[in-house]
Amino acid sequence: MSYIEAPMLGRIGTTSYKTKLEEALRKQADDARQRLHKIFERECKEWNMSFEWLSFEGDPNLHLQLAAGTRDIIITGHDTAYYGNIREQLPEMVSKLLLATPRPVIICPDEPPAGRDVLIAYDGSLAAMRVIQLFVLLGIGQDSRIHVTSINASRELAERATHDVVDYLNGHEYQAEAHPITSDTHPSDLLRSQVADQNIGTLVMGAYGRRGWREFLFGSTTNSLVGAPPCALFLYH
C-alpha cells in the first residue's frame, strides 16, 4: 500500500481537510491494491506460475528491503509511485532500492518487448563487472542472443572492453558478440538506438560506474531511459 502523506500549510481548518484527503488516498491505494492483486493472480495462472502476494503499510523502501532478503530479484514498473502524493521521481526511488537492497532490480517498460535478445552495456567499472557476473550466475538469457557494447571515444578501449566481456560470457557457455562504439554522444541516446535496431528485450548494466553511466542513470537524462524504458532494464549496484 502507498505510504500516504498529505503535507499542507498550517492554516485554520486544514487539519480536517488533511485527514479527509489522506483517508481518500488510502481508499484509493486499497482499491488499487485489490485490482492489481486480481490482475497479477490471473496473469500468473495464465503462465502457470506460483506466486505469493505481499502487502505493506508504512515506508515502502524499508519493507522492500526486508522482503528482498529472501528473494532473488526485484521487479518494478517504470511508473511505480510508492508514495501517495508522488513527490519523488522514479530515479530517486530506484536509487534507494539499489542502495538499500542486495538484489538486482528489473525495470519494466509499458509493453512486453518484442525481442528476446540481450544487450549488455559495459564501461569497465566494478558495477558493470558485478552486474555481468550476477546476470550469469542467475542463468538469465541462456537461450538468448547476447550483444555486448562499450561506448568510448577511443576505438581501442571500446574494442578491448567488449571483447573481454565476450570472452567471459563464452567461458560460461553464453553465445555473445561484441559491438564496440566509438563516439562522444551521450550513452543513453546510443543505447536507445541499439535497443531499437537490434530488437533488444533486456538491457543489462551496472547502476553506478564511471561518470558517464552514473550521470546517465541518475542525472539529467534518467527520465529519458529509466522513466520511459525501451525494454526491460536489468540494474545492479
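## A seven-stranded sheet and its helices

Strand β4 spans residues 146-152 and runs parallel to β5, with 7 bridges between them. Within this pair, Asn-152 faces Thr-182 of β5. Helix α5, residues 155-171, packs on the sheet here and touches β3, β4 and β5. The direction of α5 makes about 165 degrees with that of β5. This is a predicted model.

### The chain as a whole

The protein chain holds 8 helices and 7 strands. It has 237 residues, and 40% of them are buried. Take the contacts between residues at least 6 apart in sequence: 72% of them join residues at least 24 apart. The accessible surface is about 13,500 Å². Carbon and sulfur atoms account for 51% of that surface.

### The sheet

In what order do the 7 strands of the open sheet lie? The order is β1-β2-β7-β6-β3-β4-β5, and the pairing is mixed. The edges are β1 (74-77) and β5 (176-182), each of which pairs on one side only. From one strand to the next, the twist averages 20 degrees.

Strands of a sheet pair through backbone hydrogen bonds, either parallel or antiparallel. Four pairs from this sheet are set out below.

| Strand pair | Sense | Bridges |
|---|---|---|
| β1 and β2 | parallel | 4 bridges |
| β2 and β7 | antiparallel | 3 bridges |
| β6 and β7 | parallel | 5 bridges |
| β4 and β5 | parallel | 7 bridges |

Individual residues mark these pairings. Strand β2 covers residues 105-108. Ile-75 stands opposite Ile-106 in β2. On the β7 side, Val-105 has Leu-235 as its bridge partner. Ile-107 sits opposite Leu-233, again in β7. From β6, Val-204 is the bridge partner of Phe-234 in β7.

### Strand β7, covered on both faces

Is β7 enclosed or open? It is largely enclosed by the rest of the structure, because 5 of its 5 residues are buried. Both faces are covered. Ala-232, Phe-234 and Tyr-236 lie on one side, while Leu-233 and Leu-235 lie on the other.

### Helix α4, laid across the sheet

Helix α4 takes in residues 126-137. It lies across four strands: β3 (117-121), β4, β6 (200-206) and β7 (232-236). It runs at about 115 degrees to β7. The helix has 12 residues and reaches 16 Å from its first C-alpha to its last. That is close to the 16 Å expected at 1.5 Å a residue.

Which residues of α4 are buried? They are Ala-127, Ala-128, Val-131, Ile-132, Phe-135 and Val-136. The buried residues of the helix pack against β3, β4, α5, β6 and β7. After α4 comes Gly-139, with a positive phi near 75 degrees.

### His-147, a buried histidine

His-147 has its place in strand β4. Its relative accessibility is 3%, so it counts as buried, the cut-off being under 20%. What does its side chain meet in a polar contact? The partner is the side chain of His-179, at 3.0 Å. Beyond its neighbours within four places in sequence, His-147 is in contact with Asp-117, Val-118, Leu-119 and Ile-120, among others. Its contacts also include Glu-177, His-179, Gln-198 and Ile-200.

### Two loop residues with positive phi

Glu-173 is not a glycine, yet its phi is positive, about 65 degrees. It sits in the loop between α5 and β5. Is Glu-173 buried or exposed? It counts as exposed, because its relative accessibility is 70% and the cut-off is over 50%.

Asn-199 also is not a glycine, and has a positive phi of about 55 degrees. Its loop lies between α6 (187-197) and β6. At 43% relative accessibility, Asn-199 counts as partly exposed.

Terms used: Residues numbered from 1 in each chain as written. Predicted model: local features only at pLDDT ≥ 70, side-chain atom pairs only at ≥ 80, totals over all residues. Heavy atoms only, no water. Buried < 20%, exposed > 50% of the residue type's maximum accessible area, 1.4 Å probe, protein only. Contact = heavy atoms within 4.5 Å. Areas by Shrake-Rupley, 256 points an atom, 1.4 Å probe, with all protein chains shown as cover. Pairing = 2+ DSSP bridges. Axes fitted to C-alpha atoms, helices over the stretch in contact; angles between N-to-C directions. Polar contact = N/O pair within 3.5 Å; in protein donor to acceptor, adjacent residues only side chain to side chain. Expected span 1.5 Å × (residues − 1).
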